[in-house]
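Visitor: Please give me a close look at a single part of this model, namely strand pairing. I would also like to know how the remainder of the chain is arranged.

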Amino acid sequence: MQDDHECFMRHAIRLSREKMQDGAGGPFGAVIVKDGTVIGEGWNRVTSTNDPTAHAEIAAIREACRALGSFALHGCTLYTSCEPCPMCLAAAYWARIEHLFYANTRVDAAAIGFDDAFLYEQVVLPLDQQAMPTNRLLAPEARLVFDEWAAKPDKVPY
């Protein structure tokens, strides 16, 4: 089994190198595996698509969800060439990824200019202490939509 894990991690690392060298974006790759088969792969495309959310893990999650026809990736494992940023980690949880393997750490990423430490610090602060000003607005109107959702008989829970 260790050999399988290493094989899938090498796949993620290979993607990180190939796509970085092709100019797609930063040196990050990811694959999602279910039952021993790669069902999604991704690489960083932030600079080539002008999309700050185009991280390797997000792309791999999207591809895996399309492959399974589901928004939930139960029984899947994510292999990523670097410890996920807060956005990608949250996406892995939302997708119900079962297990995560990573190679480089967030400290390794910071050493080459990809410093997620600020984001990790911000997400645990109360809203009024975060660097980006955040204000609540029109809560009663928005709450009505939540109430409609709660009462909706044909909703798909997730």
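Guide: Helices (H or I, at least four residues) and strands (E, at least two) are DSSP runs, numbered from the N terminus. This is a predicted model, in which local features need pLDDT of at least 70 and side-chain atom pairs count only at pLDDT 80 or more, while totals for chains, interfaces and linings use all residues. Residues are numbered from 1 along each chain as its sequence is written, and side-chain values use heavy atoms, with hydrogens and water left out.

The setting comes first. The protein contains 7 helices and 4 strands. Read from the N terminus, its elements follow the order α-β-β-α-α-β-α-β-α-α-α. Its C-alpha atoms occupy a box of roughly 50 × 40 × 30 Å along the principal axes. The chain has 158 residues, of which 34% count as buried (buried means under 20% relative accessible area, exposed over 50%, partly exposed in between, with a 1.4 Å probe and protein chains only).

We now turn to the sheet itself. Strands of a sheet pair through backbone hydrogen bonds, either parallel or antiparallel. Here, 4 strands form an open sheet in the order S2-S1-S3-S4, and the pairing is mixed (two strands pair if DSSP finds at least two bridges between them). Strand S2 (37–43) and strand S4 (99–104) stand at the edges; each has a single partner strand, so one side of each is left without a neighbour in the sheet. On average, neighbouring strands of this sheet are turned by 15° against each other, direction ignored (axes are lines fitted to C-alpha atoms, for helices over the stretch in contact, and angles run from 0 to 180 degrees between N-to-C directions).

The pairs can be taken in sheet order, beginning at the S2 edge. Strand S1, which comprises residues 29–34, pairs with S2 in the antiparallel sense, and this pairing extends over 6 bridges. Within S2, tryptophan 43 is the residue opposite glycine 29. The loop between S1 and S2 holds aspartate 35. Its phi is positive, about 50°, although aspartate 35 is not a glycine. With a relative accessible area of 72%, aspartate 35 is exposed.

On to the next pair in the order. S1 and S3 also run antiparallel, joined by 5 bridges. Across this pairing, lysine 34 faces cysteine 76 in S3. Strand S3 covers residues 76–82, and 7 of its 7 residues are buried, so this strand is largely enclosed by the rest of the structure.

The third pairing brings in the parallel sense, for S3 and S4 run parallel and are joined by 5 bridges. Asparagine 104 in S4 is the residue opposite cysteine 82.

The chain leading into S3 deserves a word as well. Phenylalanine 71 lies in the loop between H3 and S3. A relative accessible area of 44% makes phenylalanine 71 partly exposed. From C-alpha to C-alpha, phenylalanine 71 and histidine 55 are 18 Å apart in space, with their positions 16 residues apart in sequence.

Beyond the strands, helix H1 (residues 2–21) includes histidine 5. Histidine 5 counts as buried, because its relative accessibility is 16%. The side chain of histidine 5 makes a polar contact of 2.6 Å with the side chain of tyrosine 79 (a polar contact is a pair of N or O atoms within 3.5 Å; within protein, one must be able to donate a hydrogen and the other to accept it, and residues adjacent in sequence count only if both atoms are side-chain atoms). Aspartate 3 also has its place in helix H1, but at 61% relative accessibility aspartate 3 counts as exposed. The C-alpha atoms of aspartate 3 and threonine 134 are separated by 47 Å, and the two residues are 131 residues apart along the chain.

Towards the other end of the chain, leucine 138 occupies the loop between helix H6 (117–123) and helix H7 (139–151). Leucine 138 is not a glycine, yet its phi is positive, at about 55°.

In summary, the sheet order S2-S1-S3-S4 combines antiparallel pairing of S1 with S2 and of S1 with S3 with parallel pairing of S3 with S4.
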